[in-house]
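Let's work through a few short exercises together. Take a look at the sequence and the structure first, then try each task before reading its solution.

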Amino acid sequence: MTHRISRRARVLAAGLGAGVIVPFAAAAAPAAAAAPQVSCTSSKTGLAAKLQRDITTALNGRAGTVAVGLYDRSTKTTCTLRSGTAYDSASVVKATVLATLLWDAKKHNRYLTTREQSLATAMITQSDNNATSTLWKQLGVTKVKGFLAAAGMTQTKPGANNYWGLTQITVRDEQKLLALLTAKNSVLSDNSRAYELKLMGKVISSQRWGTPAGAPSSVAVHVKNGWLSRATHGWRVHSIGTFNGAGHDYMITVLTQDNSTMQYGVNTIQAVAKAIHKDLVPTPSTTSASVLRYVPTTNPQEAIPAVPSAG
């Protein structure tokens, strides 16, 4: 195989110039792969380039492994970074647990029971781990997988042995979940979507950090966060959110790991979020009035799910 490649390189060099053999030299002695770059597209002129530049700037000098997803229906704007990289979910999976419960109830043509509503409220608004474990066990992994298949969330792998916080998630799949929650579809009923968004809009203040940072006061905020520290990859710190208003309808996912501290991951997410909100809903250029923007708590909190002691 080496002989064939070398021969091809010589032939190309003879006919087209020595410059074309560089890829083949690289194949023989590969250089370190370049870090993934933020990629954006938009139907609004100039917006993709601005978002790409500003998200990249927000991440400059930040340690850790960061994945980003943005979709704005209003301007058909999409940004992605490491969209297929898997992360331990921590408490972000609680949004999927509730969606599974609502999907299963719809299949059986029933409403949530009073008990289920109480558990769901605690799970989302306070990130209650016991409530999550109760619902996870009630549903079982088979139903969770059933919802994931229906939702097209093929990259999400439920945590084994009831360790729901170790569910493997990706930006791509979290964005799919948020898309289901924010637009009419055949997977979740309109009532189910409204119910989950209502709870995500009532998350207690100490857990309203992350993607809401910098959101203008003119948009409604719905959020679910999570964090978790393990022996490998340090702190995982994640935030998913949907935002509607000011002529926009958008969703943001930021997943991080390899953070030295919880706060470091929070700061990284919030730097990205502030850049996105400012670019999508900028300060009006025709007036000196500034847009009021959400300032998250300076003491962020989140429930840490149980993980195996060996992890």
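**Exercise 1. Describe the chain as a whole: its surface, its burial and its elements.**

Solution. Begin on the outside: the accessible surface of the chain comes to about 14300 Å², and 55% of that belongs to carbon and sulfur atoms. Keep in mind that this is a predicted model. Next, look inward: 48% of the 311 residues count as buried. Now go through the elements, and you should find nine helices and eight strands. Finally, consider the contacts in the chain with a separation of 6 or more: residues 24 or more positions apart account for 68% of them.

**Exercise 2. Which residues touch the most other members of the largest nonpolar core, and which elements contribute to this core?**

Solution. The largest nonpolar core holds 45 residues, and Leu98, Phe147 and Leu188 touch the most other members. Two or more residues each come from helix 4 (94–107), helix 5 (114–125), helix 6 (129–151), helix 7 (171–182), helix 8 (190–200) and strand 8 (248–259). Now zoom in on Phe147. Leaving out residues up to four places away in sequence, Phe147 touches Thr96, Ala99, Thr100, Trp103, Met153, Leu177, Leu180, Val187 and Leu188. A second core of 31 residues is separate, and Ala48, Leu70, Cys79 and Val254 are among its members.

**Exercise 3. How do helix 4 and helix 5 pack: roughly parallel or roughly antiparallel?**

Solution. Start with the geometry: the two helices pack at an angle of about 160 degrees, and their axes are 10 Å apart. Angles over 145 degrees count as roughly antiparallel, so helix 4 is roughly antiparallel to helix 5. The crossing of helix 4 past helix 5 is left-handed. To see who makes the contact, find Lys94, Ala95, Val97, Leu98 and Leu101 on helix 4, then Glu116, Ala120, Met123 and Ile124 on helix 5.

**Exercise 4. Examine the phi angles of Arg82 and Asp258, and say where each residue sits.**

Solution. First, recall the usual pattern: most residues other than glycine have a negative phi. Arg82 is not a glycine, yet its phi is positive, at about 50 degrees. Arg82 lies in the loop between strand 3 (77–81) and strand 4 (87–88). With a relative accessible area of 24%, Arg82 is partly exposed.

Now repeat the steps for Asp258. This residue is not a glycine either, and its phi is positive, at about 65 degrees. Asp258 is found in strand 8. Its relative accessible area is 30%, so Asp258 is partly exposed.

Note on methods: Residues numbered from 1 in each chain as written. Predicted model: local features only at pLDDT ≥ 70, side-chain atom pairs only at ≥ 80, totals over all residues. Heavy atoms only, no water. Core = buried A, V, L, I, M, F, W, Y, C linked by side-chain atoms within 4.5 Å. Buried < 20%, exposed > 50% of the residue type's maximum accessible area, 1.4 Å probe, protein only. Helix = DSSP H or I, 4+ residues; strand = E, 2+ residues; numbered from the N terminus. Contact = heavy atoms within 4.5 Å. Areas by Shrake-Rupley, 256 points an atom, 1.4 Å probe, with all protein chains shown as cover. Axes fitted to C-alpha atoms, helices over the stretch in contact; angles between N-to-C directions. Parallel < 35°, antiparallel > 145°, perpendicular 65-115°, else oblique. Left-handed = near helix turned anticlockwise from the far one by under 90°.
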